[in-house]
Structure formats: C-alpha cells, structure tokens
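Student: I would like to understand how the words used for a structure follow from their definitions. Could we go through them one at a time?

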Amino acid sequence: MPGPQPVAKPEVVSTSRVESQPLLKAGSGDVTDRIFSFAMLCCGLSVLGLVALIIFELVTKSKLSLHAFGWRFFFRSEWDPVNEQFGAWPFVYGTLLSSFLALLLAVPLAVGVAVFITEMAPRWLKGSLAFVTELLAAIPSVIYGLWAIFVLVPILRQYVEPFLGRYFGWTGLFEGAPYGIGMLAAGVILAIMIVPIISSITREVMTAVPQQQREAVLALGATRWEMIRTGVLRNARAGILGGIILGLGRALGETMAVTMVIGNRPEISRSLLAPGYTMASVIANEFSEATSDTYLSALVEVGLALFLVTIIVNILAQLLVWSVTRGAPARGNA
Amino acid sequence: MPNPAPETSQFSITPVSLWRRATNNLVTAAAVGAVILVLTPLAAIFAYLVYKGIGSINWAFLTQTPKPVGEAGGGMANAIAGSAYILAIASCVGVPIGIGAGIYLAEYGRNRLGDLIRFTADVLNGVPSIVVGIVAYGIVVLSQGHFSALAGGVALAIMMIPTITRTTEEMLLLVPNAIREAAYGLGVTRWRTTLSITLRTATSGVITGVMLAFARVAGETAPLLFTAFGNQYWNWKVNQPTAALSLQIFSYAISPFDEWHRQAWAGALILIVLIVGAVSAVRIAAGRGMLKGA
Amino acid sequence: MGVGIKVEHLNAWFGNTQALHDISMDVPANHATAVIGPSGCGKSTYVRCLNRMHETIPEARATGKVRMGEVDVYNGTPAVQIRRRIGMVFQKPNPFPTMSIYDNVAAGLKLNGYRDRRRLDETVERSLKLSALWEEVKDTLRKKSGASLSGGQQQRLCIARALAVEPEVLLMDEPCSALDPISTGKIEELIFQLKEKFTIVIVTHNMQQASRVAEFTGFFLLGKLIEFDKTEKIFTTPSDKRTEDYITGRFG
C-alpha cells in the first residue's frame, strides 16, 4: 500500500548515471544569451533607426530649398524649373482636394459595407465578403491606375462629367471641358482604394463592441438600425473616426493611381473636372529628371512635407483606434 | 408585439411606427447598395484584367524583352525576372531584421523601449512609399552614383520591416508561456528556447506574416521609380538599373502606344495573379496553420 | 541516485511583495516530500525557487541558501546547469505542440547539444518506460505529435521528457490537478516507483495524495513553513495547531 513508510535505504540505480553528466555538452549559454539578446535588440533598434534615417535624409536633402524659399514654399504657386522658381501650393491643394473628395465618397460606402458585414450579413456570407473586401486592398496601385486610365476615365468623360456639368454646373464645381482625366477621376479611384482600410478598421471596432450593448438596446424594442446606431456605432465612433483618418493618411500618400489620372498640371481650379497635381505625383514624375540641385531639393522638400503630414495623421488615427481596441498589436495596414 | 417603452427610457423610442420601419428598411437597402457599389469596381477590375490581358499572354510575352518603340511584339520577361530579383534582395535584408525585431518585442521588449519600437513600427507602416523611395535614393543611389537593383531592394525592405515585425511579435505572443517554461525547466538556455522552441512553435504564423509583407511590396511601383529605375534589357547585376513588372506596367500604360497598352494589361494580369495567389495561399495556410501554433 | 536538498533561510519576492519568509527545510534524498497548504501559501513559489525558475519571472528575486548535495544552487553555478540537474513537471501538461512524441522526450537532450542517434533512441525508450508510457506509444513515437495524446498521457510524456536528461531531483507542481482520477492514480503509482531513483518534491493541494505518496510533508501557510516532518506524524499528531486546523479541514 503506498503511504508513509519508514526511511528506506537508497537502492542502486542505473549505472549510466555517472557517465550521464557529459551527456549534456552544451555550455551554460551565458555569453551566447547575451550576444543573442543584443542582436535582437539591434534589430529592434533598427526600426527606430529607420525612422531617424528617413527624417535625416529628408531634412538634409531639402535644406537647399528650405534656404532658398523658406516656409512660403508651400504657399507659392509658381513651379518653374527652368527659372528655378518653386512653389508647392498647387500640389498641396491637389493633395488635399483629391484626398477629401476620396473621403467624401469612400466613408459612406466603407461604413455601409462594414455595417452590412458585421450586423446584417448571414453567417455564410460574412467570411467571403470580408475576404473580398480585403482583396481590394491587395490590388497594387499601378493596376488601379491602369484600370482607371482605360476604363474609369472614358466612363467619366462620356457619361458622368457631361451629366454633372449640365445639371450641377451652377455650383461652379463642374466647369470646363470633360476630359475625364482630372481631379474627379483621382478622387474616385482614391475612394475605391481607401474603402478597404476604412471598412476593415470599422469592422474591427464594431466587433469589439460587446454583445451586451446590442442586446440592451434591442431589449428596449429598437429596430435593427436603431440598435446599430445607438448600440454599436455610438460606442465605436472613436475607432471609426480613427479608421477614417487612417484612410485619409493612405489617400494623402497614394502615388501611382493618382499620377496616372490626375492630369499632372500644377494648376489650381475650383472645378473638379480640371486637371491637377498632387505632392506625391510631382515627386513621382519629376524626381528622376530633376536637372538642378535646387530642383531636386524642392522635390525632397515636398516629400518632407508629405512625410510629416502623413505621420501626424497616422499617429492621430492609431491613437483613436487604440482607444477602442485597447492597443492590441495592430495588423499591418494592407 | 412591442409595447411602447416607458416614458423614462433614455432612448425615447416611439412605438414601431411606419416611419421607423421604413428607416430601418432604407438603411438595410443602403448598406446592400454600398456593398454592391464597392464590389462592382473589384469585379470590373478583375474582369478587364482577364478580358484585356489574357489574349496577350503568350510564350513570347513571357520570354522576350521589350522591343523598340513602335515595333510589335516583345515581352516583359526581364521585368518579371527583375521584380523577382529585387524582391529577393529586399527579403534578404528585410526578413531577418523584421523577424529579429519581432523576437525582440515579444521576448525582451515588454518595457518602455519596446512600446516605443512598437509604436514606431506602426507609424513606419504609414509612410508613403514614394517617400521611402526618396530615402533609398539618398542612401544608395547617391552614394553609388547610379540606379540599381540594390537600391530598389533596400526601398522595399524598408517597407517590409514594420509589417514583419508586428506580425512576428503577434505570433510569438500567441505561444503559451507554459511552453517556454517547459524548456527552461529542462535547462535549455534562453536563446535556444527562443529559437528552437518558441519561434519553432510559431513558425507557420511567422511565415504567414512574411508572405503578407511580401505580397504587399510585390506590386509597389513608386519606391522603384528612382531606385531600380527600370531597364529595357536583362540585368542580373545588383548594381545596375533593373526592370520591374510594376514599373513596366506603369511606363507602358502612360505611353501613347496601343501595342504597349496591350502589354500593360498582360503584365498587370500576371502581377495580380501572383499577388492574389500569394494572399490566398497565406489565407489557406493560416486557416490550417493557426491550429498548429497554439 | 538522488541527492538531498538543504534549504536555509530562503526568502522570495515578486517585486515588492514578499512571497516566502525565511524557509528552512531538509529534503531527504531518494524520498518523496510533499508540500501542502491552502491556495496562495507559496508552495509553488517555493518549489520554483529550488530550480531557479522563480527568477524567470520579471521583477522576481530570492535570497538565501539552497544546496543540492554539494552544489550551491544560487552561487557559482549558472541557473541553466541547475535546471539540468533538477527536473520539473508542471501543473498543466505542456508538451511541445509542434514536436512528435519522440522529439518531445528527446528535446532536453537535443537542445543541450547531444546528437548521437543511438543514445537518443535508448534514452527515449528508457524514459518512456520509466514514466509508464512506453507501451502505449511505442508504435507511434514519431508519427503522433505530443499534443495529440490524452491529458494523463501528456503529463506522463512531460515526466518522461524531464527524466530523459537524468536529473537528480524531480520537482512536481501539482502534477495531477488537471487530470482525471484514473490518470492521477497512474501518476501516483509512478511517483512511488520513481522515488527509488530520484528525490521527488511534490506540491499538492490534495492531502490524501500527500499521505499516499510522500514520506515527508511540509505544511506552508502565508509564505511560511509551519511544520515539516514525517507524513505520518503530520497527519496524525501535528505539532502546530495551524497544521491541525488545515488537516482537519477548518480552512483551506
């Protein structure tokens, strides 16, 4: 019977015991541990180093232009490489206008899709719809641009823009010949591109709202829409706002698709039908052909401004999203 | 059927009137409409890619380099190879650093420095790709004096690192601490535990993250515009300008030649097939891989 | 051949909270010693101090003297070496999920640099026999993963894994608390056989288990060692009133 026993004499155990110590050859690993953790630390610090490097490069290479034009650089409209006069206002204007136009079009769509997937879709549809929306995010910018040039622009030119010009021309927003190419095209293609990211963040924060909130509102006799409005959207609104701002950040920095359809003319126009230019586009088009140091420096300065603006916007967005999802590791923005 | 809620209800919900029901149905319709509006361009893009591209994909397209302007025929073989080359360089730089940073964050970085790195990685994810191109230009192209595949690879690596870092961290954190303790209890050193036990347990998840980062940068054009720059011919030297599929699509698309437009569609179709293939493979692997990890 | 453990004035902290107060205990060689007490009394912490697992927790520290035979556990020997000579079995079975049964048992050896296939095979077989799992898995050693076994089998696998590196002491932190009664019985039988070769310290909240399995028992309360004596004495004529209260079920 197992149980308390008188103290027994130790018995002979396996004879291999004495030889077994050399069995374990590896050292105590103290030094290797320290080397390893140092190496990992270096990898971690390299992330910080990258950001520092980016800032360093942008600032030093734009010094020439900063000295020549100062901060008024961003409010002047003259972009004349021949005479070495550079003013970035048209690009700033174009970037802001195209991005906000994109937001205007994208936000209702993205939130609508997110609401549908999270609250309305039957179970069997949820997964595939979510996957498909994320597929939109995987399409490279240049392919969006390609499609936009040959499919979207002709549609705009032949149907949409004449329509807008005829019936809404009185607003002043739709003046001028309908080229197809221009601010409107840029806004539309940008909108399509940022819907996935706004939608996926919105879905994430909506899912994070606890089920009890929905049930509390339903129990009061609300319709489904009222439940969504008061039980979910209201609770998630900080996160949704964060998602929208994240979409804005993405739109601000988007290069290829916009470059391909915006017309690339440094002009400021009230009309959405007119061509324009964005900060990212001017860099993309002119950087490898910049003939003088000042020219290059001016372009780098535009890049610096773009960097700063997108960083600030993204930080703001991250903070908002974290406030709802409590700072779980974020998925890489697809 | 619903009774009117008591007057004290903070939502002051009125009886389910026609108005409320109508609004509810309208919203549902609007949501469905939004889904359709969003799916339409997606479907259209894929449809056009196949419609316009499939006819032009033939053996010649896949094996020849571009012909001079105006001549028919030629292909994007060098661009496809060039993209692979640049991506290989980017992976060699980006993947080890990214995984290392992820290991740091998960195993050693539960502190303020780790928080800073985490935050910075998320911020780095949002840097416009054209800006990354400028930086790579400054570091590599200027110091070497010419465009190169290396510069393109560096630019793409910079974009891969934050994504890989965060997904690696996430996957490593999913490994239960009990597993690490089991290894410590056996007298295994910490570095050995991290590599042979923790990382090994999280392998499928980490690979998923790497492939996602890979798929994301595979289609990038902007950072290559003035780093790899493009090339009409074959190039295997790491220090020379190199063609890339995305660059080729771009320059053909904005050109005035129909022949080149046709090839742009074909190139785009190939690019999207590769990317969607990679993303789908990742999704499927994740569906199975997740079960293995925990 | 097991060795005894001599603990003198062991104190342990988690950050600023003191978890163990001045513990002194002589764990005799080649016997099973049980550590009992109510939840939160420090039994797990105590045992984790013996093989320096305690210090793997950030902000945890310990002072005092622990000797395993001739070796000073805390001074002079790296923690990693100590842990090779003191094995541990945890409360919840934790086999390495991506490894086969064979690889699980061999893990301790392989990761410590040992590669000879023949010796590995022999050691795996011997360890699995020692932990009474050999018959059940000998045909699927490499095909099945460690995590595909039942709870009781997983715990025996973990015991085999710990035994494969031939420790002199085996620490068991409530090894049966996550298992069903039949598996528990098998493991208790196992402990009974193992203590001929190893020194065993077993943490348990189950007093009947302690009396079944261990010759000596230590009773912990609020981080202090209240009483340590032969199990028979603790359970029939305890010297301290608090021990008596716990044993008779007045609290805990």
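Student: What percentage of the 334 residues of chain A count as buried?

Tutor: This is a predicted model, in which local features need pLDDT of at least 70, side-chain atom pairs count only at pLDDT 80 or more, and totals for chains, interfaces and linings use all residues. Residues are numbered from 1 along each chain as its sequence is written, and chains are lettered from A in the order in which they are written. Of the 334 residues of chain A, 47% count as buried, a residue being buried if 20 or more other C-beta atoms, placed from the backbone, lie within 10 Å of its own.

Student: Why is α2(A) called roughly perpendicular to α5(B)?

Tutor: The axes of α2 (residues 30-69) of chain A and α5 (residues 129-144) of chain B cross at roughly 75 degrees and come within 9 Å, the axes being lines fitted to C-alpha atoms over the stretch in contact. Angles of 65 to 115 degrees count as roughly perpendicular, and therefore α2(A) is roughly perpendicular to α5(B).

Student: What makes strand β9 of chain C largely enclosed by the rest of the structure?

Tutor: In β9(C), residues 216-221, 6 of the 6 residues are buried, so the strand is largely enclosed. Both faces are covered, with F216(C), G218(C) and F220(C) buried on one side and T217(C), F219(C) and L221(C) buried on the other.

Student: How do you know that β9(C) and β10(C) pair?

Tutor: Two strands pair if DSSP finds at least two bridges between them, and β9(C) and β10(C) (residues 224-230) have 6 bridges in the antiparallel sense. Within this pairing, the bridge partner of G218(C) is F228(C).

How values were computed: Axes fitted to C-alpha atoms, helices over the stretch in contact; angles between N-to-C directions. Helix = DSSP H or I, 4+ residues; strand = E, 2+ residues; numbered from the N terminus. Parallel < 35°, antiparallel > 145°, perpendicular 65-115°, else oblique. Buried ≥ 20, exposed ≤ 12 C-beta atoms within 10 Å, placed from the backbone.
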